[in-house]
Every structure is written in C-alpha cells, then in structure tokens.
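Student: I'd like to go through this model with you and check what each label rests on. Can we take it one label at a time?

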Amino acid sequence: MTEESNSVVSRRSLLQAGAGLLLATALPPFPARAASPDGYRIVAAPARARLVGPDRPETDVWTYNGTVPGSLVRLRQGKPARLLVENHLAQETTVHWHGIRLPNAMDGVPGLTQPPIRPGESFVYEFTPPDAGTFWYHPHANSLEQLGRGLAGTMIVEEREPAAVDRDLPWLLSDWRLTGEGGIASRFGNRMEAAMSGRVGNTVTLNGRASEAEVVRAGERVRLRLLNASLARIMALRFEGHRPVVVAVDGQPCDAHVPEGGRILLGPAMRVDVMLDMQGEPGRRYDVIDDFYDGLSYRLTQLVYDNRPPIRGHALDAPLGLPRNPLPEPDLASVERHTLTLQGGMMSGMMTGGGGIQGGGMMRGMMDMGGGGMMGMGHGAVWSINGQSMTGDGHAGMEPALVFERGRSVVLELRNETAWWHPMHIHGHSLRVLSRNGKPVPHRQWQDTVLMAPKDVVEVAFVADNPGEWMLHCHVMDHQMTGMMTVLRVA
Ligand code: C2O
Ligand code: CU
C-alpha cells in the first residue's frame, strides 16, 4: 500500500521550486476566484490536473471550479455568506461545510438535511459563520469516490482583526491512489480495506501538486493552515529546524503551544493552524517530513529559503495566539453523559503502538463481527457505533442514536474498542476535548474531528444548542460508508 507510495513521492521531479505557493494548477475554466459581490459560485465538474509533475501524465479529477483543490473560499466572521453550488457531475452531490456551525438545512447531508443536488441542478447555501478559522468543504454524497477524485476546498473564515503575520498560507494536503498511467485507481469501496485503515493512497499533494519546495523568506512569520483532506491517510508532520506553534485546531483557537515531540498530528478532515517563524538561513532547505506510519516516512516538501536577507532580526514581536471564537461553554456541573462505543473492523495483528501499519498481518486478521458488534450491522457494514451501523452517506429516516434537549450540556465518552484509528467528526457543533484515557487534555482545545488511536477513550463536552439532525461519523471515508456513522438530534 504505502510502500509504492514512497517511491512515487521520492521520484518527483525537481522542477517545481516555488510553484507550490500557487493555489491552482491547471488553468481553470471558471474564474479562479469564484467570489462575486453576491457570493460564491462553485461548480462541481470533471477536469484534468497535473498532480505529480510536468513529466507525468495529467489526471482526470473531479473539481470545484476546475482545480484541485477547489476555489479557496474566504468568508468573514459574522457576515452572511451565499454559496451557489452547481452540479456538472454525472451523479448526485451535495456540499458539506466542514466544521462550520450553521443551520441544519445548510449542512449538506443528502436525505437528512436536503435532497441531493442532481446532475445539472444547483443549490444555494446560505449561512453566517459564527467562528473564524480554517474550515473546508467537500461532498457528502458518494463521499468516498467524490472526495477521492478530488472534490475538496479550503474555506477560511477571516477574523475581524487579522492576525499579525507576514503571510497566511493554506496547505490542503490530499492523498491520491494513482495508477502508473496517472489515473485515479478506480476500485473504491474495497471491503477488506474498509475493515482496516481505509483507502490510503500512494501520492500526497500539497495544494494539488506533489511539492518539492515551498519558498520562504528568512525572518518572516507565516500562518500555516494545515488541512488533511485525505480519505484515510493520517499524517504527523515535522518541520526540520523549525518550531511550529499550534494556535488553532479544527478552526478553533487554543492556547498557543508547541506540539508534543514537535510533531503535528493530522487525522483526515482535521485542520491545525501553526505559526511558523522562518528562523532558518537564507539559501538553505529544510525538510518537512510526514512520519506517521512506522517505517513509511517520506518528505512532504521542503521549506526553501530564498537568498534575500532576513526581513527582521529576530522573530516577530507580536502575540502568537488568536482571539477565541464565541463557543458556548458546557456547564460541567449539570451535564448529561452518554457513551458512544466504536466497534468492528479487523482485529489487531497489524497495528503497532506507534500507529504503524505492518504488512503480513492482513490475512491473520479476523472480522470482529461477533459479540457486541453484530447487532444492527446491515448489508456491507463492517463498523458500528453503539451496536448500530449506518452505512452510506446519510438517508432519510435514520433514527437518532441520541436526542438532546436544546441547550443541554452534554459529555460524550467516545470509546474506541477497535484496533484502528478513527477521526470522529460531529456536524453542527464543536467539541471541547476534556480528557484522553483519563488524562486531561491541555491547551483548551475544541475540535470537530477527534482523532482516536486504537483503544482510546476520549471525553468531549459541548452544548447541544444547534437544532436539527446532525451526523457523527468517522472521517475515514471507507469507515463512514461501512457503518461508522450515527445521527444525533437536538430538539
Ligand atoms: Cu467532513 Cu460528515 O463530514
Ligand atoms: Cu474510522
């Protein structure tokens, strides 16, 4: 699986220095900046993209506005937004504005919050984002294939007062499974894979292209908005020679801190904003490494310092932290508590403590379909939450697993009883992460996607203040499609 990937990644040509700073690759058939005074127009349509380099074939992809990633959408905190989505694909789609606390009808879950957008049709999404930060958008219909073919874009909600940085750079990271001919491997929904790590690919792109170099200038402070838009690949980024400071997770500002071991863990769908002071030497190169999977680390890109002298003598003298968003604080004295237990998938035999995948164990694995995991597992289900498996993308008539009275403070205990990692995502709310395996989680972190290691027990809290039916699911797309999904109702 990932072995071939590394050879692809390391065989990249060296011709792209600097090009990675551009957002778009192919020439878009629609205006690259899809904004107009009355909002954004976002067209989902097939296109071609040069993902791997000029000496490799183009790839047929599905895009928002002709590029991968799709148009960068910039909204303003507290300002109404209007996004017209046109479907030029040959199949139904919807758009989910991941992480935004918005009205239920704008959440983009087909069957649950809106009818799917049929080919040739359009849908207008309107909402006012309450929180500033780094968010993203992607389909919520045939999600495994639509996201896997490239439908994803960054959505930035700007703070009222811009942060003091020299540059603000979104890095949308995607993982692709490419064939030798440069096409996207078509077999989506492999059941064996779905019962394990999900569809991990063989080529990682940064803003739509395999990156050899990201050009920086000595002395500058960059706000890097890291976003893992992969179907299944988990990332752990290290910036050689640098000291990234985490200032927000999943769009929500936290206490500024240096990540444990200098490694930034990014499960699928997660975002981490870091402040990076470019304290390296002019003319030098520094590796950015992803070493999540044991023995399969690779170089994501390099920070390449141009030869200009530093723009300032030492790091910018401005606070690193970001202003907090107006999230309702759960009242821990009066919470109601619930447990959500994740089960299913292959049994252990492949995982190591450090999160590695080791070969050879695949055939020794057994399906954990007995015991508590069996009930409610319908056709194609491999995973379950509290013994129930909702498969696919969401459809009408799903019974909510939990119903909350509006305004209640809730603590959810998420128990991962599987042998696999799961980035668990909630719609319409953000979760205060209280503890992991009994230990308090520092830095006052809020997340909409909580990455759970095998056997992890995580406690999260939130105020169920947003009425409607909200999905809670694993963001490893094959896991979601095969049952690791449920619905919560706020009434
Ligand atoms: Cu980004 Cu329901 O997902
Ligand atoms: Cu999962």
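Tutor: Sure, and keep in mind that this is a predicted model. Let's start with lysine 455, which sits in the loop between strand E29 (449–452) and strand E30 (457–464).

Student: What makes lysine 455 exposed or buried?

Tutor: Its relative accessible area is 51%. Exposed means over 50%, so lysine 455 counts as exposed.

Student: And what is noted about phi of lysine 455?

Tutor: Phi is near 70° there, a positive value in a residue other than glycine. Asparagine 142 is another such case, with phi near 40°. You'll find asparagine 142 in the loop between E8 and helix H2 (143–148).

Student: Why is asparagine 142 called partly exposed?

Tutor: Partly exposed covers the range between under 20% and over 50%. Asparagine 142 has 27% relative accessibility, so partly exposed is the label.

Student: What kind of peptide bond joins valine 68 and proline 69, and how do you know?

Tutor: A cis one: omega is about -10°. Proline 69 belongs to the loop between strand E3 (59–64) and strand E4 (73–76).

Student: Next, glycine 428. Why is glycine 428 called buried?

Tutor: Buried means under 20%, and glycine 428 has a relative accessible area of 5%, so the label fits. Its place is the loop between E25 and strand E26 (431–436).

Student: What does glycine 428 touch?

Tutor: Leaving out residues up to four places away in sequence, glycine 428 touches Ile100, Arg101, Asn466 and Trp470. The C-alpha atoms of glycine 428 and tryptophan 470 are separated by 6.5 Å, although their positions lie 42 residues apart along the chain, counted as a separation.

Student: Which loop holds aspartate 250, and what makes this residue buried?

Tutor: Aspartate 250 is in the loop between strand E15 (245–249) and strand E16 (252–257). Its relative accessible area is 0%, and the cut-off is under 20%, so aspartate 250 is buried.

Student: How do you know that the side chain of aspartate 250 makes a polar contact with aspartate 448?

Tutor: A polar atom of that side chain lies 2.9 Å from the backbone nitrogen of aspartate 448. The limit for a polar contact is 3.5 Å. Aspartate 250 also touches other residues, including Thr134, Phe135, Arg271 and Trp446.

Student: Why does histidine 242 count as buried?

Tutor: At 12% relative accessibility, histidine 242 falls under the 20% limit, so buried is right. The residue lies in the loop between strand E14 (235–239) and E15. A polar atom of its side chain is 2.9 Å from the backbone oxygen of glutamate 240. Among the residues that histidine 242 touches are Leu276, Met278, Tyr286 and Tyr305.

Student: On to the metal. What makes His422, Cys474 and His479 donors of the copper ion (ligand 2)?

Tutor: Distance. The atoms His422 ND1, Cys474 SG and His479 ND1 lie 2.0 Å from the ion, and a donor has to be within 2.8 Å. Their spacing in sequence is H-x51-C-x4-H. Histidine 422 lies in strand E25 (residues 422–426) and histidine 479 in helix H4 (residues 477–481), so this pair ties together parts that are 57 residues apart in sequence. Both histidine 422 and histidine 479 are buried.

Student: How do you know that both faces of strand E6 (residues 95–98) are covered?

Tutor: Val95 and Trp97 on one side are buried, and so are His96 and His98 on the other. E6 runs antiparallel to strand E8 (residues 133–139), and four bridges join them. Two bridges are enough for strands to pair. Histidine 98 stands opposite tryptophan 136 in E8.

Student: Which residues touch the most other members of the largest nonpolar core?

Tutor: Leu83, Trp97, Phe127, Met155, Trp171 and Leu412, out of 116 residues. Strand E10 (residues 167–176) gives the most to this core, with five residues. There's a second, separate core of seven residues, including Val109 and Met390.

Student: And how much of the protein chain is buried?

Tutor: Buried residues make up 62% of its 491 residues. The chain has four helices and 32 strands.

How values were computed:
Residues are numbered from 1 along each chain as its sequence is written. Chains are lettered from A and ligands numbered from 1 in the order in which they are written. This is a predicted model: local features need pLDDT of at least 70, side-chain atom pairs count only at pLDDT 80 or more; totals for chains, interfaces and linings use all residues. Side-chain values use heavy atoms; hydrogens and water are left out. A nonpolar core is a set of buried Ala, Val, Leu, Ile, Met, Phe, Trp, Tyr and Cys residues joined through side-chain atoms within 4.5 Å. Buried means under 20% relative accessible area, exposed over 50%, partly exposed in between (1.4 Å probe, protein chains only). Helices (H or I, at least four residues) and strands (E, at least two) are DSSP runs, numbered from the N terminus. Donors are N, O and S atoms within 2.8 Å of the metal (3.2 Å for Na, K and Ca); water is not among the atoms, so sites may look incomplete. A polar contact is a pair of N or O atoms within 3.5 Å; within protein, one must be able to donate a hydrogen and the other to accept it, and residues adjacent in sequence count only if both atoms are side-chain atoms. Contact means heavy atoms within 4.5 Å.
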